[in-house]
Amino acid sequence: MLFQSPTIHVRNCTKCRVGVWIQFTASISSLKVAWRKDPKLDQAIENDKQWRRCARVVKEVLNEPGQVIPLRYLEKRRERLRLLISIKNFLSRNPGLLDTYFDRIKPKSEPVKFLRASNGLRRFLEEERRIIQENELLIVAKLCKLLMISKDKVISADKLVHVKREFGLPNDFLVNLVPKYPEYFRLSGSPGEGQSFLELVSWNPEFAKSVIERRAEEEARATGIRVRPSFNVKLPPGFFLTKEMREWVRDWMELDYISPYVDVSHLDQASPEMEKRTVGVFHELLSLSLFKRVPVPILGKFTEEYRFSNAFSSVFTRHSGIFYLSLKGGIKTAMLREAYKDDELIDCDPLVEIKDRFLELLAAGHRERAEQLKSQTEAVQEGMQMMARAEKLWSEKEAVQKGMEMIARAEPLRLQKEAIQKDMEMIAMRIDELDEPDFGEKF
């Protein structure tokens, strides 16, 4: 190893002080803090469910040879993709992600539907590559920091591959990124076989400053007053601490901040200083993560490398003013409180722009679907209006026809009436003729 991390030295305590710390240490594991639900932070996780579901489906297609897959094959993977609707319905609800076309699985088989990336998705993938290239130094710094925090400055490559999504590492970082920076990284073994490791080659002092320390330095420069590095503690509304817990937190906050980048191999795992350092490590890991939250099972994979205790997850409830332990979706997720305002992430990593671009792609597809539904609705409404007009015209036509039929039936009666009237007139005339006296014969 070509470097050595700084070592923290704990000041010698008086006999009385030692007694206090022994009591303090013994009480750490016995302190219990009731978990309290935070609906707003839970909603932050809920807000991401839709686009993450779409991303899983897209990733499944892009990982196939030629980046194409028969639709019926993808349909069979719905359970693994945690997709509750059929692929056909998924495509109709999210147009613009994948295109369908017909092809043969085998040369002599019948053509079936295949899926491939749409033009819009391909443009997004190009944009993703651009964002990653622009932030390459940030990604290198993240990777260095993850190694620098670890006990031996070396981490299993397979573990890093498993957490690449949480920290915004590109899919091919072991193949294309690591070899570009031999001054920082050394890869041994073959990734994917469980025996490969990524080792830190050199120590960069600029990378060895935590978010807490940088924030204190910025405040000191702004105010001209030396600022002690400390955690932002903000208890959620309605949260209550017992008197014993309040006293414990007060004493714990008075301890000096211990950077996650210093050597603490000489510290007792159950000491209050180690508790302070553990909280600092979690704070830094969550700060390095893309969305300032990481599932607890993923953090648990690094128990040995980062010297976490077996019951490390209790730290998140014990320090509820710094962290929140969400149970959303049946998965424990550690979240950094200071990074959120209500359900919105306010401390955004530059690589979050990739998510924003993906959301724009989804929004464009949803607008297209909304326009199609609007056009279909308008066509249906227009058809119904035409049917109503036709019905009206048909009713009018029927009325005219009935009128004509009545006229037709009335015409013979009219003729009969006229004939009768004529007959009556002739009879009347005849009667008049009969009633006139014949004066010629008389005289």
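**Two three-stranded sheets and their helices**

Buried residues account for 39% of the 443 residues in the chain, and the model is a predicted one.

Reader: What makes up the secondary structure of the chain, and how much of its contact network is long in sequence range?

Author: The chain holds 17 helices and 11 strands. Of the contacts between residues at least 6 apart in sequence, 67% join residues at least 24 apart. The accessible surface comes to about 27100 Å², and carbon and sulfur atoms contribute 54% of that area.

Reader: Why is Thr317 called buried?

Author: The cut-off for a buried residue is under 20% relative accessible area. Thr317 has 17%, and is therefore buried. This residue lies in helix α15 (residues 314-318). Leaving aside residues up to four places away in sequence, Thr317 touches Val33, Trp35 and Leu325.

Reader: Why are α12 and α13 described as roughly perpendicular?

Author: The axes of helix α12 (residues 243-254) and α13 cross at roughly 80° and come within 10 Å. Angles of 65 to 115 degrees count as roughly perpendicular, so the term applies to α12 and α13. On the α12 side the contact is made by Trp248, Trp252 and Met253, and on the α13 side by Pro272, Glu275, Lys276 and Val279. By class, this contact has 5 nonpolar and 2 charged residues, with no polar ones.

Reader: What makes β7 and β8 edge strands?

Author: The open sheet in question has 3 strands in the order β7-β9-β8, paired antiparallel. β7 (293-295) and β8 (323-326) each have a single partner strand, so one side of each is left without a neighbour in the sheet. From one strand to the next, the twist averages 20°. Helix α13 (residues 272-288) packs on this sheet and touches β7, β8 and β9, with its direction at about 85° to that of β9.

Reader: How do you know that β8 and β9 are paired?

Author: Pairing requires at least two bridges between the strands. β8 and strand β9 (residues 333-336) are joined by 4 bridges and run antiparallel, so the criterion is met. Within this region, Tyr324 has Met335 of β9 as its bridge partner.

Reader: What makes β4 and β5 the edges of the other sheet described here?

Author: This open sheet has 3 strands in the order β4-β6-β5, with antiparallel pairing. β4 (154-156) and β5 (185-188) each have a single partner strand, so each has one side without a neighbour in the sheet. Neighbouring strands are turned against each other by 20° on average, direction ignored. Helix α7 (residues 136-149) packs on the sheet, touching β4, β5 and β6, and its direction makes about 90° with that of β6.

Reader: How do you know that β6 is paired with β4 and with β5?

Author: At least two bridges are needed. β4 and β6 share 3 antiparallel bridges, and β5 and strand β6 (residues 197-200) pair in the antiparallel sense over 4, so both pairs satisfy the criterion. Phe197 in β6 is the bridge partner of Ser156 and also of Ser188. Phe185 stands opposite Leu200 in β6.

Reader: Why do the side chains along β6 alternate?

Author: In a regular strand, side chains alternate between the two faces of the sheet. In β6, Leu198 and Leu200 point to one face and are buried, whereas Phe197 and Glu199 point to the other and are not buried.

Definitions and conventions. Residues numbered from 1 in each chain as written. Predicted model: local features only at pLDDT ≥ 70, side-chain atom pairs only at ≥ 80, totals over all residues. Heavy atoms only, no water. Helix = DSSP H or I, 4+ residues; strand = E, 2+ residues; numbered from the N terminus. Axes fitted to C-alpha atoms, helices over the stretch in contact; angles between N-to-C directions. Contact = heavy atoms within 4.5 Å. Parallel < 35°, antiparallel > 145°, perpendicular 65-115°, else oblique. Nonpolar A, V, L, I, M, F, W, Y, C, P; charged D, E, K, R; others polar. Buried < 20%, exposed > 50% of the residue type's maximum accessible area, 1.4 Å probe, protein only. Areas by Shrake-Rupley, 256 points an atom, 1.4 Å probe, with all protein chains shown as cover.
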